[in-house]
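Got your viewer open? Load the model below and follow along, one selection at a time.

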Number of protein chains: 2
Amino acid sequence: MALLKNSALREASFTPLYKQIKSLILQSLNNGEWKPGESIPSEFELAKTFQVSQGTVRKAIDELAAENVLIRRQGKGTFVATHHEAKVRYRFLSLVSDHKVPKQRARSQVLKCERVVANLEQSKAFKIKVNSELVYIQRLLFLDECPTILDNIWLRADLFEGLDLNMLNKHKIPLYGLFETEFGVSMVRADDALKAVVADEEKANLLQVKVGTPLLQVYRTSYSYGDKPVELRQGFYLTDHYHYQNRLK
Amino acid sequence: MALLKNSALREASFTPLYKQIKSLILQSLNNGEWKPGESIPSEFELAKTFQVSQGTVRKAIDELAAENVLIRRQGKGTFVATHHEAKVRYRFLSLVSDHKVPKQRARSQVLKCERVVANLEQSKAFKIKVNSELVYIQRLLFLDECPTILDNIWLRADLFEGLDLNMLNKHKIPLYGLFETEFGVSMVRADDALKAVVADEEKANLLQVKVGTPLLQVYRTSYSYGDKPVELRQGFYLTDHYHYQNRLK
DNA sequence: TAGTGGTCTAGACCACGTT
DNA sequence: ACGTGGTCTAGACCACTAG
């Protein structure tokens, strides 16, 4: 794609230069040219390769940084966001302790990892054919050594070839970190839909509570670069000592 | 406050010009110089009054626009955000229908409006003295004519003098719109803490459901300009046909 | 046509981290 | 001392809205 500088023959199709630059950067990220944790070229270098001014590159990076796709570090450079750093490790885990101080520790226990076939709803969400293959994972998340979250997870099988119970149990890192490192899939955004439900027998057993205990049900769709949906989740959160925190602006 | 241009005698106290401009704008908003819905002076005018370049004013406004404090409209001007416009009327109502299409209609029924005394927790949250006076409101919100949300609301009495049951029942506008118009209090941000609970007898009666029905409990602290906390809320949401939606980035 | 916000440029200088 | 991102400026021009 050639850059369209403010030229003459546009007809109601104006796209700012910096948006085009942003797309090019996203494309490079998608192609794996720059990997999570690594630095991307400096603003001046990018300006030179794209044949635009540094300020224009800057504006493109500004937006990507606001979306947590890139991270700027003054004096050091601009880096591709990663789920591995301690600081952002639990970026997508909105559940926090009611007594904020004792920064909880998370441990995951994977119960199932199977290949399944996409139902109508799932195929719609992923924009793939019905009966396409998915990976289904069930796992329990312990916070401060208490079973607190029961997750049912579905992934596009074509993006996660080779993912199995063995691999999941071997790694001690958060799932999103594993996806990033082992499969080159970076989660950058997620949409959650929350409801209050009560625990049925299966969930009650797994979470070690009584049937009828209220649970926070969190349905999630996670997206990679370019709003590509790559994960569906049904989470059931025990909120006796934790709460889901959210900031509205 | 005089603007500190990049001068010599700073010692580890650097504050960018545009941040100072931002503070000045926020101050004007706080003083009620520019009211919600109105336009503020153009970027060039502000640049002239503040004796900086237009680009610097622009960056200040950019941040305030990102925080939904100001709204930019190309060709028209920059406006103070308001809760009255249809588009952003329910900005802070995260509950949406599961079948998104039939854009729900909200109706509020106020049950109580009393003066009460702040407990320890409330006085801490508001950063006021214990036993300070608060306004307590209990109301039921109907979505599509079904009782769906039970709200308990506490406000700083000194900011809401004259607020009573009569006034609340007279107005057909959302609460945050009323607060803005009648008391000059603009809500710009809120922190929600969510848990799953079950309905006790009182809540079950009011929401017309059985005791034991799971409810989404939403504790909220709302802030006005300058992160000033002005409202505490305990909401109980019926999530049989609605869900709390949230985007993670 | 005039006025507003939106884009783009080029250049200077500052703050921060590393060498 | 150098290279990075961060700030600030001045000016040109484009896109949108309204009179």
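A polar contact here is a pair of N or O atoms within 3.5 Å; within protein, one must be able to donate a hydrogen and the other to accept it, and residues adjacent in sequence count only if both atoms are side-chain atoms. Keep in mind that this is a predicted model, where local features need pLDDT of at least 70, side-chain atom pairs count only at pLDDT 80 or more, and totals for chains, interfaces and linings use all residues. Residues are numbered from 1 along each chain as its sequence is written, and side-chain values use heavy atoms, with hydrogens and water left out.

Start by colouring chain A by domain: domain 1 is 2–9 + 16–80 and domain 2 is 95–244, with bounds from an automatic or database domain assignment. Their centres, taken over C-alpha atoms, sit 32 Å apart.

Now zoom in on where the two domains of chain A meet. About 470 Å² is buried there, 63% of it from carbon and sulfur atoms (accessible area, 1.4 Å probe, lost on putting the two parts together and summed over both). On the domain 1 side, α1(A) gives the most, with three residues. How many residue pairs are in polar contact across this interface? Zero, counting pairs with both at pLDDT 80 or more.

Next, select residues 54–66 of chain A: that's helix α3, 13 residues long. Show side chains for A:Thr56, A:Val57, A:Ala60, A:Ile61, A:Leu64 and A:Ala65, the buried ones (under 20% relative accessible area, 1.4 Å probe, protein chains only). Their cover includes α1, β1, α2, β2 and β3 of chain A.

Last stop: A:Asn68, just after α3(A), has a positive phi of about 65 degrees.

Methods
Chains lettered and ligands numbered in written order. Helix = DSSP H or I, 4+ residues; strand = E, 2+ residues; numbered from the N terminus. Expected span 1.5 Å × (residues − 1). Buried < 20%, exposed > 50% of the residue type's maximum accessible area, 1.4 Å probe, protein only. Contact = heavy atoms within 4.5 Å.
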